[in-house]
Amino acid sequence: MKESIAAIATAPGMGALGVVRVSGPALAELALRLTGKVLQPRYATLCRLRDDIGQVLDQAIVLFFPAPYSYTGEDVLELQAHGGTVSLQLLLAHVLELAKLIELPLRLARPGEFTERAFLNGKLDLIQAEAVADLIGASSQESVRSANRSLQGDFSKEIGLLTAQMVGLRTLLEANFDFPEEEIDSVYTQDLLSGVQTLQAQLATVLRKTQQGAILREGIRVVISGQPNVGKSTLLNALAGQDLAIVSDIAGTTRDRIEQTVQLFGFPLLLVDTAGLREQTERIDPIEKLGIGRSWKAIEQADLILFVRDASRFSDPKYLAEDDKIRTQFDANTPVLEVLNKVDLFDSSEIASGICGLMGSRIAPDRGVETTTAISISAKSQTGLDLLQSAIAEKVGWRSTNEGLYSARRRHVFALQSAVAYLTSAEEGMLSLNSAFDLVAEDLRLAHAELCTITGAFSSEDLLGKIFSEFCIGK
Amino acid sequence: MRYPKTFDVIVVGGGHAGTEAALAAARMGAQTLLLTHNIETLGAMSCNPSIGGIGKGHLVKEVDALGGVMAIAADEAGIQFRVLNSSKGPAVRATRVQADRVLYKAAIRKRIEQQANLYVFQQSVEDILLDGGDRACGVVSQSGIQFFGGAVVLTAGTFLDGRIHVGLSNFQGGRAGDPASIGLSARLKELKLSQGRLKTGTPPRIDGRTIDFSKCERQWGDGVDCVAGADTGDLSCPTNQNVPVFSFMGNAQMHPRQVPCWITHTNSATHEIIRSGFDRSPMFTGKIEGIGPRYCPSIEDKINRFAGKEEHQIFLEPEGLDTHEIYPNGISTSLPFDIQLALIHSIAGLENAHILRPGYAIEYDYFDPTALRPNFETKAIRHLFFAGQINGTTGYEEAAAQGLYAGVNAVSVTRGEDPWLLRRDQAYMGVLVDDLILRGVSEPYRMFTSRAEYRLQLREDNADMRLTEIGRKLGLVDDARWGAFNVKRDAVSRETERLKMTWVGPHNLESSESERVFGKKLEHEYSLAELLRRPEINYAQLMHLGGGVFAAQTNLHQLAQEQVEIAIKYEGYISKQNENILRAAAFESTVLPENIDYLAMKALSIEARQKLDKIRPQTVGQAARISGITPATISILMVYLKRGGYEKALTLEGLDGA
């Protein structure tokens with residue numbers, strides 16, 4: 001017989017209520033032994049849960065959903081008990097113990113296994129199923145959580161509208177290729193160009209909203225990095241508003257990374273403090289060495305790198321050279337925000353003339369305003385933090401107007417980014433001399449394929465169907 | 001009686017599929033029998049007298065690269081050549097030929113008669129001989145002669161239980177003037193192969209002497225420069241060096257003299273007449289159950305569906321040099337004859353036209369191609385192959401491509417060799433086969449460039465580069481073609497190499513010239529190949545740079561030049577496509593177990609379960625291309641495979657083919 005599974009179904013942590021869920025082919029006996037009552041299906045019943053020696057463990061609302069009318073399609077037992085990690089763990093352990101007693105094969109559920117069973121039993125529709133497929137492949141709790149987030153209605157509606165426009169453009173172009181002798185409007189180049197431009201602009205807008213949504217949903221991973229003793233941990237404590245990391249004047253105090261989630265303008269920010277980066281010489285002890293390795297790992301995974309620099313050491317060429325070296329090792333695709341710390345050691349005119357002059361000369365003029373801006377702060381005296389917070393928000397593309405944001409997944413953001421890029425290429429193709437329309441069509445096909453990864457497949461047969469319904473074809 | 005000689009391959013049907021199948025098998029050295037009900041109709045064009053067109057021209061060039069005869073016959077019979085989409089990019093460029101029916105038939109007949117190992121016999125086929133119940137081993141002719149062979153290729157076209165409709169009257173027929181093949185159809189029905197019914201149609205044919213061409217717009221083919229002559233009323237034109245050529249082995253000298261087509265239009269009076277016949281239309285009264293093609297609707301269908309359109313274009317196409325018969329393309333109809341006559345007479349230029357043959361619609365049986373294996377052998381009966389219109393396709397070109405494909409595979413199966421398969425990224429033939437066996441047909445299937453996701457690399461201009469070598473290995477390509485191909489291929493690779501190794505920069509090109517040609521002066525050194533990749537530059541311009549110092553030493557053939565230029569210009573896009581092909585390859589090589597129980601997969605929609613169960617794709621890649629199978633379905637399928645104890649099956653075993 002198929003094994004039954006059990007797990008704590010609510011998020012870990014303190015809460016007023018916590019739910020233990022059990023699913024399996026036959027749970028009626030377990031329910032009886034647990035509650036001492038014959039439960040009415042799908043009715044909430046208040047029960048005293050007792051352990052095997054009859055001692056009351058907790059009072060709980062118990063629901064029994066006999067198969068197939070349950071989430072998983074199997075018998076499902078839900079125990080809504082008082083929250084709290086320890087008491088729920090105890091309850092779960094008790095359920096497992098009891099099952100052993102009555103020889104019911106019951107084990108802990110893997111992440112996502114309830115949903116997996118639901119879908120194998122035909123309880124989920126196809127759109128949900130895709131998320132589930134991700135879920136089954138997901139290894140960490142974090143990815144399970146992100147896979148669980150399904151597509152929100154408004155977003156898919158908007159993408160649907162844009163896809164329809166895309167289909168319209170492709171229909172025009174493909175009909176012109178496949179039926180050159182038909183009387184399809186020959187002056188379509190202008191229509192096509194303006195269609196591509198309009199669509200591109202609209203997609204860019206959706207992309208912005210989607211990016212914001214993804215930030216809101218999944219948060220941003222900000223890694224604080226820099227040489228030892230530049231004040232990284234002090235900055236973490238300042239941004240987090242509490243003393244999480246030990247700070248001292250001794251270089252290399254932070255040995256391992258420390259993570260903390262904070263709210264910034266309403267979106268979640270995961271701050272990661274790392275061990276200071278320095279050359280791996282003999283003098284460094286093995287533990288710090290490991291810490292530096294982990295720092296680089298954290299930097300690889302960052303959505304944004306806060307590169308903290310000690311403004312008081314800018315007269316030291318060795319220090320500057322080391323900073324430059326570190327900087328070149330960052331992934332070119334990860335945004336970097338430079339933070340000049342310890343400005344409390346200077347007066348404002350010194351900062352203005354010395355530091356800014358130095359910064360300005362090092363930054364290429366064509367890289368935009370964002371990269372040229374370094375934020376001057378003092379983590380210790382907590383000055384400049386407001387500015388830094390705004391700069392972080394700006395750098396990750398967060399805007400304070402949160403109206404109409406789409407709750408989307410990262411992969412949707414990537415798909416939209418690619419689609420916009422292909423449309424840009426299509427536009428360039430059309431504007432260039434000797435443009436070959438087969439290449440423009442290829443760009444549109446690729447852009448369309450990207451949108452289809454969000455909305456679902458669109459075959460060449462569908463495209464032909466569209467052509468035949470819109471044009472009178474038939475030589 | 002039993003015919004004394006036993007053949008390797010028996011091909012039934014002498015249309016475009018049958019002739020290419022028989023010729024291909026014979027080229028490979030197989031003893032081949034071609035059975036036709038009438039030797040005189042070998043290579044007959046039963047619909048409009050033209051070869052090629054968008055997507056179709058691509059197929060013809062592929063058949064040609066594999067040694068097939070359609071392109072070279074078109075070169076010998078073509079009375080008007082055009083390159084369609086010439087300004088829209090090489091991937092969608094396609095050749096179309098107006099052919100003289102008599103010359104075309106003669107060109108095909110000549111090649112069949114000259115082909116070694118090929119035997120022709122005139123007699124219609126009544127039955128298929130089976131060995132052990134599920135293996136074809138021969139056929140029985142109308143008069144009871146038994147022909148035995150290792151494999152049978154059936155190319156029965158529209159002849160299976162064909163029914164011709166003109167108005168409300170209808171009669172049996174395979175093509176106007178030819179009998180339908182009833183016995184065979186009944187026999188195949190007994191074999192329980194899944195069947196459907198399709199419809200196609202032709203327009204009435206007109207006597208050109210009764211057309212007032214002064215009221216029509218004249219349309220010459222490409223490369224013809226004799227407009228002055230035509231103004232005097234002379235409808236022909238001597239052939240010209242600049243007229244396009246279809247076959248790799250063809251040339252413009254092969255072409256007969258060139259003639260124009262004419263364009264006229266329907267009008268509101270025509271539409272009124274057509275509407276008045278709706279109540280006697282076999283289409284609208286339900287007499288015809290077969291489904292017709294959406295891209296080739298009858299004129300009554302066009303009037304009905306696009307009521308707002310005030311006129312429809314008609315191409316008046318000459319059927320040949322020695323006939324006055326004109327094919328009015330665009331007004332296929334099955335309306336009653338009195339309506340046909342009135343509608344023709346309402347059209348400008350056709351007021352006094354005499355109809356030589358009435359238009360008609362024909363309904364015919366086809367076999368659901370999802371019942372075929374990837375090599376076109378039927379799943380139900382081994383060594384029995386289906387090719388051409390019998391598989392639900394339309395068009396000479398689609399038929400020829402399938403014929404060649406089935407012919408080669410029939411030889412492979414008799415020799416016990418692996419099936420010969422083509423991928424979607426290799427050829428339009430691969431797209432055609434894959435679409436048919438996985439998606440089936442819901443209307444007569446016609447090739448379009450939009451069906452090919454790898455369109456940029458499946459061009460007419462590189463069909464030879466893609467397939468000649470494959471054809472040579474199969475034994476399809478003779479020494480003459482192979483030699484000529486190698487000359488071109490070597491020239492192309494040498495020149496490509498030279499362009500990549502030749503550097504142009506400020507030191508060897510005047511800045512005034514680089515400003516003029518490239519818009520701004522060259523800052524550093526570029527290879528000629530890099531410069532050629534710029535959209536504003538073509539090969540000829542490069543060769544003229546610096547007074548010709550960068551030109552090739554030996555004069556490069558026009559076609560080789562073109563190949564070098566296109567290959568370099570499209571390199572970026574094509575390498576991106578190749579990445580996609582590689583990514584897809586994992587899916588393509590993930591084999592689905594034979595015994596997988598799709599019907600038990602409750603998470604799949606019922607439609608998806610039934611489709612997968614019916615078609616039983618061999619790989620996940622194939623499953624993904626079945627219509628109605630979404631990416632979500634594939635995800636679910638993968639989960640079932642993982643969870644269902646099929647892990648072992650999911651290793652990269654590669655395809656075992658049939």
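Helices here are DSSP runs of H or I with at least four residues, strands are runs of E with at least two, and both are numbered from the N terminus. With that in hand, let's start the tour.

**Before you click**

This is a predicted model, in which local features need a pLDDT of at least 70, side-chain atom pairs count only at pLDDT 80 or more, and totals for chains, interfaces and linings use all residues. Residues are numbered from 1 along each chain as its sequence is written, chains are lettered from A and ligands numbered from 1 in the order in which they are written, and side-chain values use heavy atoms, with hydrogens and water left out.

**Stop 1: B:Ile273**

Select B:Ile273, which sits in helix 7 (residues 268-276) of chain B. Now add B:Leu343: the two are 70 residues apart in sequence, yet their C-alpha atoms are 6.0 Å apart in space. Which residues does B:Ile273 touch, leaving out those up to four places away in sequence? They are B:Ile339, B:Ala342, B:Leu343 and B:Ser346, where contact means heavy atoms within 4.5 Å.

**Stop 2: helices 1 and 4 of chain B**

Stay in chain B and show helix 1 (residues 16-27) with helix 4 (residues 101-114); they pack at an angle of about 25 degrees, with their axes 11 Å apart. (Axes are lines fitted to C-alpha atoms, for helices over the stretch in contact, and angles run from 0 to 180 degrees between N-to-C directions.) That makes helix 1 of chain B roughly parallel to helix 4 of chain B. The naming goes like this: under 35 degrees is roughly parallel, over 145 roughly antiparallel, 65 to 115 roughly perpendicular, and the rest oblique.

The crossing of helix 1 of chain B with helix 4 of chain B is left-handed. (Left-handed means the near helix is turned anticlockwise from the far one by less than a right angle, and right-handed means clockwise.) Turn on the side chains: B:His16, B:Thr19 and B:Leu23 of helix 1 meet B:Tyr104, B:Ile108, B:Arg111 and B:Ile112 of helix 4. That contact of helix 1 with helix 4 of chain B splits into four nonpolar, two polar and one charged residue. (Ala, Val, Leu, Ile, Met, Phe, Trp, Tyr, Cys and Pro count as nonpolar, Asp, Glu, Lys and Arg as charged, and the others, Gly among them, as polar.)

**Stop 3: helices 13 and 17 of chain B**

Next, pick helix 13 (residues 479-501) and helix 17 (residues 558-569) of chain B. Their axes come within 9 Å and cross at roughly 50 degrees, and the two helices are therefore oblique to each other. Helix 13 of chain B passes helix 17 of chain B in a right-handed crossing. From helix 13 of chain B, look for B:Lys488, B:Ala491, B:Val492, B:Glu495, B:Thr496 and B:Leu499; they meet B:Leu559, B:Ala560, B:Gln563, B:Val564 and B:Ile568 of helix 17. By class, this contact of helix 13 with helix 17 of chain B has seven nonpolar, two polar and two charged residues.

**Stop 4: over to chain A**

Show helix 8 (residues 232-240) and helix 13 (residues 385-395) of chain A, which pack at about 85 degrees with axes 11 Å apart. Helix 8 and helix 13 of chain A are therefore roughly perpendicular to each other. Here A:Leu235, A:Ala238 and A:Leu239 of helix 8 make the contact with A:Leu385, A:Leu388 and A:Gln389 of helix 13. Five of the residues in this contact of helix 8 with helix 13 of chain A are nonpolar, one is polar and none is charged.

**Stop 5: a salt bridge and two backbone spots**

Select A:Glu3 and A:Arg107. They form a salt bridge, with the closest N and O atoms 2.8 Å apart. (The rule is a side-chain nitrogen of Lys or Arg within 4 Å of a carboxyl oxygen of Asp or Glu.) A:Glu3 lies in the segment before strand 1 (4-8) of chain A and A:Arg107 in strand 6 (residues 106-108) of chain A, so the pair ties together parts that are 104 residues apart in sequence.

Then find A:Pro68, in the loop between strand 4 (56-65) and strand 5 (75-82) of chain A. A cis peptide bond joins A:Ala67 to A:Pro68, with omega about 0 degrees. Last, click A:Glu103, in the loop between helix 2 (85-101) and strand 6 of chain A. Phi of A:Glu103 is near 55 degrees, a positive value in a residue other than glycine.

**Last stop: confidence**

Chain B averages a pLDDT (the predictor's confidence in each residue, from 0 to 100) of 88. The mean pLDDT of chain A is 76.
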